[in-house]
Amino acid sequence: MRRWRLLILVVLVAGLVWMMRTGRTPHPLYPIREPEPLATDLGTTHDPLRCGTIAGRVIWSGPEPAVPPIELPITPVLPIQKKEVPNPNRPRIKDGGLADAIVWLENVDRSRSKPWTLPAVRVALHDFDFVVPEGNAKGRIGIVRRGTPVEFVSRESAMHSARGRGAAFFTQMLPEPGKPVSRVLPENGVVELSSGSGYFWMRGYLLVSDQPYATVTDAQGRFQLDTVPQGDYDLVCWKANWHAARLERDPELIVPVRLEFGRPVVRRQRVSAKAATSTPITFSLSAADFAPSR
């Protein structure tokens with residue numbers, strides 16, 4: 001009888017182990033995708049004589065909203081002495097124009113596109129903020145060619161990590177200050193950068209694209225896309241939302257650890273590029289467009 005009981009117990013344990021095994025094909029919550037090869041057909045049939053310009057402004061309609069700063073908790077866990085920081089997504093308005101909006105073209109034939117001329121992107125974490133150098137200008141937004149590496153580097157002794165959400169899903173640890181770490185972003189779209197180390201207010205953004213017709217509006221809300229092959233396109237305007245939608249707290253320390261902002265505002269227009277012609281375009285945004293949903 002003991003042998004039978006022992007045999008039954010062994011069978012049950014073996015069955016339980018079998019049920020708990022990892023399948024041949026794992027199904028993670030966020031599947032890991034290998035980056036597609038870099039597009040090699042970009043600019044192969046580009047003809048600058050059959051290209052035009054699409055230029056314009058993103059204007060702000062109505063009064064400028066009052067955006068309060070983000071209050072920081074007093075805790076020894078975060079090595080920062082500030083009591084508050086400016087909202088990273090607050091609108092910057094000058095002369096009626098809205099800065100820091102991303103504008104790009106869609107439905108561009110890569111072979112007819114101009115070659116990629118935008119500089120490589122390095123994202124620095126400095127003064128508990130994201131800094132994306134773009135030529136002589138520095139902001140929180142970068143334009144990245146899909147399939148090319150993006151460098152992340154910490155400029156501080158504090159432990160930092162950069163978290164990507166949206167068109168990419170990752171957390172990149174930056175254990176050594178001053179030592180860059182590279183990642184390749186495989187999908188087109190906007191990637192929201194935030195801190196994975198408790199600095200919940202930090203934000204940066206990357207637009208990943210196969211073609212170079214993308215830009216960020218300047219201080220007066222102006223943008224310009226040069227050498228666009230003649231044809232019809234969708235022009236997209238994207239702006240981050242400054243309204244807090246969700247704040248998560250550490251259950252033991254009762255301090256904020258993750259902040260989610262409301263949905264970004266996205267506008268589209270159908271535009272036509274004509275050879276040797278500049279096509280004027282205007283996007284109009286207002287505070288009502290960013291109002292939190294009820």
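Helices (H or I, at least four residues) and strands (E, at least two) are DSSP runs, numbered from the N terminus. By this definition the chain has one helix and 23 strands. The structure is a predicted model, in which local features need pLDDT of at least 70 and side-chain atom pairs count only at pLDDT 80 or more, while totals for chains, interfaces and linings use all residues. Residues are numbered from 1 along each chain as its sequence is written, and side-chain values use heavy atoms, with hydrogens and water left out.

Some totals describe the chain as a whole. Of its 294 residues, 40% count as buried; buried means under 20% relative accessible area, exposed means over 50%, and partly exposed lies in between (1.4 Å probe, protein chains only). The chain exposes about 17100 Å², and carbon and sulfur atoms supply 54% of that area. Accessible areas come from the Shrake-Rupley method with a 1.4 Å probe, and for residues only the protein chains shown count as cover. Contact means heavy atoms within 4.5 Å. Among the contacts in the chain with a separation of 6 or more, 72% are accounted for by residues 24 or more positions apart.

Strand 1 offers a starting point for the strand pairing. This strand spans residues 51-61 and is mostly covered, with eight of its eleven residues buried. Two strands pair if DSSP finds at least two bridges between them. Strand 1 pairs with strand 18 (residues 222-229) in the antiparallel sense over six bridges, and I54 stands opposite L225 of strand 18. Strand 1 also pairs with strand 23 (residues 278-286), here in the parallel sense and over nine bridges; T53 has S278 of strand 23 as its bridge partner. In a regular strand the side chains alternate between the two faces of the sheet.

Two open sheets can be followed next. One has four strands in the order 17-6-19-22, with antiparallel pairing. Its edge strands are strand 17 (214-216) and strand 22 (265-273), each of which pairs on one side only. Neighbouring strands of this sheet are turned by 20° against each other on average, direction ignored; axes are lines fitted to C-alpha atoms, for helices over the stretch in contact, and angles run from 0 to 180 degrees between N-to-C directions. Within this sheet, strand 19 (residues 231-239) and strand 22 are joined in the antiparallel sense by nine bridges, with G231 opposite A273 of strand 22.

The other open sheet is formed by five strands in the order 10-16-15-12-13, and its pairing is mixed. Strand 10 (141-145) and strand 13 (170-174) are the edge strands, each pairing on one side only. On average, neighbouring strands of this sheet are turned by 25° against each other, direction ignored. Strand 12 (residues 160-166) and strand 15 (residues 189-195) run antiparallel and are joined by five bridges; A162 stands opposite S195 of strand 15.

Several individual residues add detail to this picture. L42 is placed in the loop between helix 1 (2-19) and strand 1. L42 counts as buried because its relative accessibility is 12%. Not counting residues up to four places away in sequence, L42 touches R110, S113, K114, P115, W116, R145, D210, Q211 and P212. One of these partners, P115, is 73 residues from L42 in sequence, yet the two lie 6.2 Å apart in space, C-alpha to C-alpha.

S154 lies in strand 11 (residues 149-154) and is buried, since its relative accessible area is 1%. A polar atom of the S154 side chain lies 3.2 Å from the backbone oxygen of E156. Leaving aside neighbours within four places in sequence, S154 is in contact with L125, H160, L174, P177 and G178.

A search of the whole structure finds zero disulfides, a disulfide being a pair of cysteine sulfur atoms within 2.5 Å. C51 counts as buried at 7% relative accessibility, and C237 counts as buried at 1%.

Finally, two residues that are not glycines have a positive phi. D100, with a phi of about 65°, lies in the loop between strand 5 (97-98) and strand 6 (102-106); its relative accessible area of 24% makes it partly exposed. N107 also has a phi of about 65° and is placed in the loop between strand 6 and strand 7 (122-125). N107 counts as exposed because its relative accessibility is 53%.

Terms used: Polar contact = N/O pair within 3.5 Å; in protein donor to acceptor, adjacent residues only side chain to side chain.
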